[in-house]
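Biologist: I have not looked at this protein before, and I would like to go through it slowly. Could we put the sequence and the structure side by side and talk them through?

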Amino acid sequence: MTGIGPVEPYHPDDPDGPHQDPPPDLLWSNSARARTRWDSLPRSRQRLAQALLVAAAVTGAFFLLRPDPATEATPNPYPWPAGVTNVYYKGRGPAPATFRFEVDVSRGSPVTVHQVGAGLPELGATTTPRLPLTVKAGSPRLITVRISVYKCNALPPALDLPHLDLLLSNRTARQQQSFLFGGAYPRDLWADLHAVCFPNPSSPAPTSSHRDTRRHLIRR
């Protein structure tokens, strides 16, 4: 260093102190020099600058205030068979111990029914038409299930929500599914089983708290 002495404070308002001009592209400032520079611009450049500022403000407000685009859930084009298959009880069949059911596929590829079980080891089930049965979406099919009894003594004293076990498949998967029924099916089934296995009038009747004949789903 070539000079030694006390450091003197610098005040920006000091007329003898150093001054720094604003950047040449600065269009707005609170200083008088910026105002003078703005006034010295041609009117065409002033209008252009004002238009650019307005356009920038409008664009920013649009992106800040616009709502988020709604996202719609796209249905799975290849659903699992158990998720799109419904079974409904349609009443007694034409012969004793036969019961009619409607198999409906809501969407997706066709579903094939390979097996139908009566839900209890003491009961057997056969179907008309014979299986496998393929059901297309929007075209429900009726099947008649005949229930037979293997061991009357092993049956429970009453039936509550009896079910059918169906083996289903489509282009996505193969699933074993149980469909439970309330309402008329437990009463109709028990009446036929009662006539075969429990001719004593004191035999208990089935109980069910469900009136809806639509199936109740249990995943396996």
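Modeller: Helices and strands here are DSSP runs, with at least four residues for a helix and at least two for a strand, and they are numbered from the N terminus. Please keep in mind as well that this is a predicted model.

Biologist: How many helices and strands are there in the protein chain, and what pattern does the chain follow along the sequence?

Modeller: Counting those runs, the protein chain has 4 helices and 9 strands. Read along the sequence, they follow the pattern α-α-α-β-β-β-β-β-β-β-β-α-β.

Biologist: Since the model is predicted, what pLDDT does the protein chain average?

Modeller: The confidence varies along the chain, and for residues 1–10 the pLDDT is below 50, with 2 contacts in the model beyond near neighbours in sequence. Residues 207–220 also have a pLDDT below 50, although that stretch has 47 contacts beyond near neighbours in sequence. Across the protein chain, 63% of the residues score at least 70, and the average pLDDT is 76.

Biologist: What share of the residues of the protein chain counts as buried?

Modeller: The protein chain exposes about 15,200 Å², of which carbon and sulfur atoms supply 56%. A residue counts as buried when its relative accessible area is under 20%. Of the 220 residues, the share that counts as buried is 33%.

Biologist: Which element gives the most residues to the largest nonpolar core?

Modeller: In soluble globular proteins, nonpolar side chains tend to be buried together. The largest nonpolar core here has 29 residues, and those touching the most other members are F101, I147, L166, F181 and Y185. Two or more residues come from each of β1 (85–92), β2 (98–105), β3 (111–117), β5 (133–135), β6, β7 and α4. The element that gives the most, with 5 residues, is α4.

Biologist: Which residues form one aromatic cluster?

Modeller: The structure holds 7 aromatic pairs. Y185 is in contact with several aromatic residues, including Y89, F99 and F101, when its neighbours within four places in sequence are left aside. The residues that form one aromatic cluster are Y89, F99, F101, F181 and Y185.

Biologist: Are the planes of Y89 and F99 stacked, tilted or edge-to-face?

Modeller: A pair of aromatic rings is described by the distance of the centres and the angle of the planes. The ring centres of Y89 and F99 lie 6.5 Å apart with the planes at 50°, so the pair is tilted. This pair links distant parts of the chain, since Y89 is in strand β1 and F99 is in strand β2, 10 residues apart. Y89 is buried at a relative accessible area of 7%, and for F99, which is buried too, the value is 0%.

Biologist: And how are the rings of F99 and Y185 arranged?

Modeller: Both F99 and Y185 are buried. Their pair links strand β2, which holds F99, to helix α4, which holds Y185, across 86 residues of sequence. With the ring centres 5.5 Å apart and the planes at 85°, the pair is edge-to-face.

Biologist: Which residues does the disulfide join, and is it left-handed or right-handed?

Modeller: There is 1 disulfide, and it joins C152 to C197 with an S to S distance of 1.9 Å. C152 lies in the loop between β6 (141–149) and β7 (163–169) and C197 in helix α4 (residues 184–197), so the pair ties together parts that are 45 residues apart in sequence. C152 is partly exposed at 23% relative accessibility, whereas C197 is buried at 14%. The torsion about the S-S bond of C152 and C197 is about -55°, so the disulfide is left-handed.

Biologist: Where in the chain is P129 found, and which residue does a cis peptide bond join to P132?

Modeller: Most residues other than glycine have a negative phi, and most peptide bonds are trans. A cis peptide bond with omega of about 0° joins T128 and P129, and P129 is found in the loop between β4 (123–128) and β5. P132 is also found in the loop between β4 and β5. Its cis peptide bond has omega of about 5°, and the residue joined to P132 is L131.

Biologist: Is A97 buried or exposed?

Modeller: A97 sits in the loop between β1 and β2, and its phi is near 60°, a positive value in a residue other than glycine. At 16% relative accessibility, A97 counts as buried.

Methods: Residues are numbered from 1 along each chain as its sequence is written. This is a predicted model: local features need pLDDT of at least 70, side-chain atom pairs count only at pLDDT 80 or more; totals for chains, interfaces and linings use all residues. Side-chain values use heavy atoms; hydrogens and water are left out. A disulfide is a pair of cysteine sulfur atoms within 2.5 Å. Buried means under 20% relative accessible area, exposed over 50%, partly exposed in between (1.4 Å probe, protein chains only). A nonpolar core is a set of buried Ala, Val, Leu, Ile, Met, Phe, Trp, Tyr and Cys residues joined through side-chain atoms within 4.5 Å. Contact means heavy atoms within 4.5 Å. Rings of Phe, Tyr and Trp (its six-membered ring) pair if their centres lie within 6.5 Å; planes under 30 degrees apart count as stacked, over 60 as edge-to-face and the rest as tilted. pLDDT is the predictor's confidence in each residue, from 0 to 100. Accessible areas come from the Shrake-Rupley method with a 1.4 Å probe; for residues, only the protein chains shown count as cover.
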